[in-house]
Amino acid sequence: MKLPSRPTVLLSGIVLMLTVPACNPFAPALDEVPADQNELLGNPVYVRGFFDRFRSAYQLRDSTLYGQLLSPKFKFTYRDFAANLDRSWTRDVDANTTYRLFRAARSINLQWTQYLPSSDTLASDTLASVERSFLLTIEQRDNERFSGSGTARLVLTRKNRNDPWRMRSWYDRSEF
C-alpha cells in the first residue's frame, strides 16, 4: 500500500482546518439565548425574589450584587447583648463590612427558612416589612468555620410597584 505524499497530507490538514472552524473544546460557543439574570439569581421586583437575590449575593460572595439590594438610606442594627443595647451602622459601613466578609470567606451558605408570623410582608406596593429566619454557614480561607441561625427583620422599599425592592433597614437577631 502506498502512503500519501507529504504535500497531500499537508493539503488535507489545511482543508480540514478550514472546514471545521471554531471547534475548540476549550472555547465553546456562547448560548444563542442569553440567560435571564432574574431567573438565575432571583427577581427583586418580588419579595420572594428579593430574598433569592440576597442568598445569591451571599453564596456567590458578590458584593456588587449585594450592594444593589441596599437602599441609599440603609441601616443595619444588631443587639449587643454584652452592653445591653442596640448598635447600628450605615450603608457604607455595611457594604465595606460585607465586602471584607466575602473576601475572607471560601464559601458561604445562606438559607432563608420561614417567614415569621409577625411579619407583614406587604404593607403597600412600595413598603414591605418582612421577618425571616435564616441559617448561615461561613467557611473562611483559613479553614475556620462559623455556623449560626437567627432572624432578620427587614424593611423593604421601592419607588413604584415595578421597581426592585431595596432594603432600607435590617434588624438582626443572629445567634453567633
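**Aromatic rings and a charged neighbour**

Arg132 is positioned over the face of Phe51, 4.7 Å from the centre of the ring. The structure described here is a predicted model. In this model, the charged end of Arg132 also sits over the ring of Tyr115, at 4.0 Å from its centre. Arg132 thus offers a starting point for a walk through the aromatic residues.

Aromatic rings also pair with one another, and the count comes to 16 aromatic pairs. One of these joins Phe51, the residue beneath Arg132, to Phe50. The centres of the rings of Phe50 and Phe51 are 5.5 Å apart and their planes stand at 90 degrees, an edge-to-face arrangement. Phe50 has a relative accessible area of 0% and is therefore buried. Phe51 likewise counts as buried, because its relative accessibility is 0%.

A further pair is made by Tyr58 and Phe102. Their ring centres lie 5.1 Å from each other, and the planes meet at 85 degrees; since an angle over 60 degrees counts as edge-to-face, this pair is classed as edge-to-face. Where do these two residues lie in the fold? Tyr58 belongs to helix 3, which covers residues 47-60, while Phe102 belongs to helix 5, which covers residues 91-104. The pair therefore ties together parts of the chain that are 44 residues apart in sequence.

Are Tyr58 and Phe102 buried or exposed? A residue counts as buried when its relative accessible area is under 20%. Tyr58, at 7% relative accessibility, is therefore buried, and Phe102, at 3%, is buried as well.

Technical notes:
Residues are numbered from 1 along each chain as its sequence is written. This is a predicted model: local features need pLDDT of at least 70, side-chain atom pairs count only at pLDDT 80 or more; totals for chains, interfaces and linings use all residues. Side-chain values use heavy atoms; hydrogens and water are left out. Rings of Phe, Tyr and Trp (its six-membered ring) pair if their centres lie within 6.5 Å; planes under 30 degrees apart count as stacked, over 60 as edge-to-face and the rest as tilted. Buried means under 20% relative accessible area, exposed over 50%, partly exposed in between (1.4 Å probe, protein chains only). Helices (H or I, at least four residues) and strands (E, at least two) are DSSP runs, numbered from the N terminus. A charge sits over a ring if NZ of Lys or CZ of Arg is within 6 Å of the ring centre and within 35 degrees of the ring normal.
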